[in-house]
Amino acid sequence: MSTTYTRLVNYKADVCMRETLKLKTVEVDNLLVEWNPEEMSLTATEYWSACDHIAEFLDFDWFSIESWDSTPVEVECDK
């Protein structure tokens with residue numbers, strides 16, 4: 001059984017909207033994703049989660065992800 005980690009991904013992207021063909025800057029914070037280090041690197045997980053998020057919620061002609069990062073989600077343990 002492989003271990004997964006929950007991360008909060010932040011990204012900034014330039015998106016050319018399909019309907020208007022105008023460029024729009026999109027910034028998203030705290031996108032919740034699961035990372036499995038046995039399947040993909042953390043950098044790839046962050047990047048592809050941003051791509052998937054754009055593809056799911058925006059009607060775009062093209063996009064370019066300018067920056068991305070993530071932070072771990074803290075888990076509270078019973079003491």
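Q: In what order do the 3 strands of the open sheet stand, and in which sense do they pair?
A: The order is S2-S1-S3, and the pairing is antiparallel. This is a predicted model, in which local features need pLDDT of at least 70 and side-chain atom pairs count only at pLDDT 80 or more, while totals for chains, interfaces and linings use all residues. Residues are numbered from 1 along each chain as its sequence is written, and side-chain values use heavy atoms, leaving out hydrogens and water.

Q: What makes S2 and S3 edge strands?
A: Strand S2 (23-35) and strand S3 (60-72) each pair on one side only, and they are therefore the edge strands under the rule that two strands pair if DSSP finds at least two bridges between them. From one strand to the next, the twist averages 20°.

Q: How do you know that S1 and S3 are paired?
A: Strand S1 (residues 5-17) is joined to S3 by 11 bridges, and the two run antiparallel. The rule asks for at least two bridges, so the 11 bridges qualify S1 and S3 as a pair. Among the partners, leucine 8 is opposite threonine 71 in S3, and arginine 7 has proline 72 of S3 as its bridge partner.

Q: What supports the pairing of S1 with S2?
A: These strands also have 11 bridges between them, in the antiparallel sense. One of the partnerships joins valine 15 to lysine 24 in S2. S1 and S2 form a hairpin, with 5 residues between the strands.

Q: Which pattern of helix and strands does the protein follow along the sequence?
A: The pattern is β-β-α-β, made by 1 helix and 3 strands. These elements are DSSP runs numbered from the N terminus: a helix is H or I over at least four residues, and a strand is E over at least two.

Q: What does helix H1 touch when it packs on the sheet?
A: Helix H1 (residues 42-57) touches S1, S2 and S3, where contact means heavy atoms within 4.5 Å. The direction of H1 makes about 135° with that of S3. Such angles run from 0 to 180 degrees between N-to-C directions, with axes fitted to C-alpha atoms, for helices over the stretch in contact.

Q: Why do arginine 18 and aspartate 59 form a salt bridge?
A: A salt bridge requires a side-chain nitrogen of Lys or Arg within 4 Å of a carboxyl oxygen of Asp or Glu. The closest N and O atoms of arginine 18 and aspartate 59 are 2.8 Å apart, so the pair meets this rule. The count by this rule is 1 salt bridge. Arginine 18 is in the loop between S1 and S2, and aspartate 59, 41 residues apart from it, is in the loop between H1 and S3.

Q: Why is arginine 18 called partly exposed?
A: Buried means under 20% relative accessible area, exposed means over 50%, and partly exposed lies in between, computed with a 1.4 Å probe and protein chains only. Arginine 18 has 45% and is therefore partly exposed. Aspartate 59 also has 45% and is likewise partly exposed.

Q: What is unusual about the phi of leucine 21?
A: Most residues other than glycine have a negative phi. Leucine 21, which is not a glycine, has a positive phi near 60°. Leucine 21 lies in the loop between S1 and S2, and its relative accessible area of 56% makes it exposed.

Q: Which strand holds asparagine 30, and why does asparagine 30 count as exposed?
A: Asparagine 30 lies in strand S2. At 51% relative accessibility, asparagine 30 passes the cut-off and so counts as exposed. Although not a glycine, asparagine 30 has a positive phi of about 65°.

Q: Are threonine 20 and glutamate 38 exposed or partly exposed?
A: Threonine 20, in the loop between S1 and S2, is partly exposed, because its relative accessible area is 46%. Glutamate 38, in the loop between S2 and H1, is exposed, because its value is 64%.

Q: How does the radius of gyration of the protein stand against that of a compact globule of 79 residues?
A: The protein has 15 Å, whereas a compact globule of 79 residues would have a value near 12 Å. The radius is taken over C-alpha atoms, and the globule rule is 2.2 Å times the number of residues to the power 0.38. The C-alpha atoms fill a box of roughly 55 × 25 × 20 Å along the principal axes. Of the 79 residues, 30% count as buried.
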